[in-house]
Amino acid sequence: MVEEAAGTRMYENKKATAIKTIEKKQMKVDEINSILSEEITPTLERLRGEKQQYLKWSKNNADIERIERFVVASEYVQAQEVLSKNSEDVAKMEEEVAMYEDTMRTAREEVASKEEEIAKLSEKMNSELEGTHNEAKADEEDKSKDLVKATSAWENKKLAVASASKDLEEAKAAVEESRNAISDMEKNISNKLAAIQKAKDEAVNAEENLKRLQKEYQNLCAGISSEEGDEGRTLPDQISKAYSDANSADAKAKQAQMKIEHLTKSLKSVEKDMKKEESSAAKLSKKRDKTEEKVEGIKQKLSNVAFSADEFNALENEKIDLENNVSALQEKVDTLSAQLEGRLSFNYSDPVRGFDRSKVKGLVARLVDVKLPKHSTALEVVAGGKLYQVVVDEAVTGKALLNNGKLQRRVTIIPLDKVMPKKVSSAASEKASSMAKNLNTTAQPAIELVGFDEEVRSAIEYVFGSTLVVDGMKAANSICDTTKTRTV
């Protein structure tokens, strides 16, 4: 009442309400602090760590790009040095080729003079020694024929020896097989005979036992005791025992009779098997005799064959040497093929999902076919490094391959929509053909020596279109100086 009269009750109520509100707010503050400490703060720490990693990755990536630029610059400088060195080597090689052509020309002249001398000497020899020459020639032909006959005879004898050896092995195997079969049959027959004898003995014992039991039964029926210890028994007991013994003996007799019948059937079956085995043994014996005769005949043939072990061993050694040489050459061919296949392989991943792989035409080397194999080296020189560049339909495709194609090696792209074809003018081609004809040689544009699809013509013209292929160094230099066109 005093509080209400003084007006402090209302403030006490408001204070209590404010304290409750503060407690609720404090609970929310605690919950927010818990969320901050358990979820937001670890996330911030993780994001700070990822930021540091990203900054480190960006720095490393920038370093890598800078190093790659240095590497590209270094490779470019090395390529320039190699190119300058190769130019010097090409000049030296051209000088050497010119020197070798002069030497060849001199050698050809000497060969021609020697051929004239040989012709004169041949005419003189023919006129003086024609008869002797004809006889020697005829003798040579006869010897050649004899050699061919001897060689063919030796080959035939070699084949006969091989065939006879094979037949001998087969005959020995057949004889051994026949002996084993006869031995098995004899063992089987002896086992069956023993079983038959055993069955006969059991049958005889069963008959004797039956006779003995029948005799005892008769004695019992007559009141005569046949065993010791029966004197104290009464006659009914003896008769009862006799009946049981008789029944037992009768059962044993029936069992013995059934066994005899069974053994009789078995004996008949064994006799049939014995007859079959005897006929089979007779056949095998005849077969063995024939095989032995065949073996003797083969031995006789082998003794008549004029076989030289030394000559055979020499031929075998020569065969082994040739096989080793072939194996070594095949390994070399495989190595070179693998190297070439590695240079001609172009593997990439689809830069985007659903990428149309027909947009990538492939390496220039796989897009052309050389019409004549003799031009292969010249065409390889004409193309140079462009032979391993990749042809695509558009520059956009090439950019996508370079950026996202996961290429395994550095490649140069030739986009068909951007490439500028190069061609030898018809006037220069006709002039070169005319000059080559005057120099007794040939000159053709390189692009005419390869086959390709019209779809990639602009790329092929870019690679082969500006060069002439000339047969001969002197003619090539002359045509190059006159037409101002690259010649190979």
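These are my notebook entries on what I looked up in this predicted model.

**Entry 1: the overall picture**

I began with the whole protein. I found 10 helices and eight strands. Of the 488 residues, 20% count as buried. The exposed surface comes to about 36500 Å², and carbon and sulfur atoms supply 54% of it. I also looked at how contacts spread along the chain: among those between residues at least 6 apart in sequence, 70% join residues at least 24 apart.

**Entry 2: salt bridges, starting in α2**

How many salt bridges does a search of the whole structure find? I got eight. As a reminder to myself, side chains of opposite charge can pair when their charged atoms come close.

I then went to the pair Glu50 and Arg46, where the closest N and O atoms are 3.0 Å apart. Both residues belong to helix α2, which runs over residues 9-221. They are four residues apart there, so about one helical turn separates them. How accessible are the two partners? Glu50 is partly exposed at 37% relative accessibility, and Arg46 is partly exposed too, at 47%.

**Entry 3: the network around Arg457**

Next I followed a network of salt bridges that links Lys423, Glu454, Arg457 and Glu461. I took two of its contacts in turn.

Arg457 meets Glu454 through their side chains, at 2.8 Å from N to O. Arg457 also meets Glu461, this time at 3.3 Å from N to O. Arg457 and Glu461 both sit in helix α9 (residues 457-464), four residues apart, or about one turn of the helix.

Is Glu461 buried or exposed? I have it as buried, because its relative accessibility is 7% and the cut-off for buried is under 20%. Arg457 is partly exposed, with a relative accessible area of 31%. Glu454 is exposed, at 53%. I noted that Arg457 therefore pairs with one partner that counts as exposed, Glu454, and with one that counts as buried, Glu461.

**Entry 4: charged patches on α3**

I turned to the surface charges. Which residues form the positive patch? I wrote down Lys265, Lys268, Lys272, Lys275 and Lys276. I checked Lys272 more closely: this lysine lies in helix α3 and is exposed, with a relative accessible area of 57%.

There is a negative patch as well, formed by Asp289, Glu292, Glu293 and Glu296. Here I picked Glu293, which has its place in helix α3, residues 235-304. Glu293 is exposed, at a relative accessible area of 58%. So I can point to helix α3 for Lys272 of the positive patch and for Glu293 of the negative one, and a patch member needs over 30% relative accessible area, which explains why I checked exposure for both.

**Entry 5: a nonpolar patch**

Back to α2 for a patch without charge. Ile32, Ile35, Leu36, Ile40, Leu44 and Leu47 make a nonpolar surface patch of about 470 Å². I looked up Ile35 as one of its members: Ile35 lies in helix α2 and is partly exposed, with a relative accessible area of 33%. That value passes the cut-off for patch residues, because they need over 30%.

**Entry 6: two positive phi angles**

My last search was for backbone angles. Most residues other than glycine have a negative phi, so I listed two that go the other way.

Asn440 has a phi near 60°, a positive value in a residue other than glycine. Where does Asn440 sit? I found this asparagine in the loop between α8 (426-438) and β5 (443-445). Asn440 counts as exposed, at 74% relative accessibility.

Lys484 has a phi near 55°, again positive in a residue other than glycine. Its place is in the loop between α10 (473-483) and β8 (486-487). Lys484 is exposed, with a relative accessible area of 71%.

Technical notes. Residues are numbered from 1 along each chain as its sequence is written. This is a predicted model: local features need pLDDT of at least 70, side-chain atom pairs count only at pLDDT 80 or more; totals for chains, interfaces and linings use all residues. Side-chain values use heavy atoms; hydrogens and water are left out. Patches are made of residues with over 30% relative accessible area and no salt bridge: like charges are joined within 9 Å, nonpolar side chains (Val, Leu, Ile, Met, Phe, Trp, Tyr) within 5 Å. Accessible areas come from the Shrake-Rupley method with a 1.4 Å probe; for residues, only the protein chains shown count as cover. A salt bridge is a side-chain nitrogen of Lys or Arg within 4 Å of a carboxyl oxygen of Asp or Glu. Lys and Arg count as positive and Asp and Glu as negative; His and the chain ends are not counted. The place of a charge is taken as NZ of Lys, CZ of Arg, CG of Asp or CD of Glu. Helices (H or I, at least four residues) and strands (E, at least two) are DSSP runs, numbered from the N terminus. Buried means under 20% relative accessible area, exposed over 50%, partly exposed in between (1.4 Å probe, protein chains only). Contact means heavy atoms within 4.5 Å.
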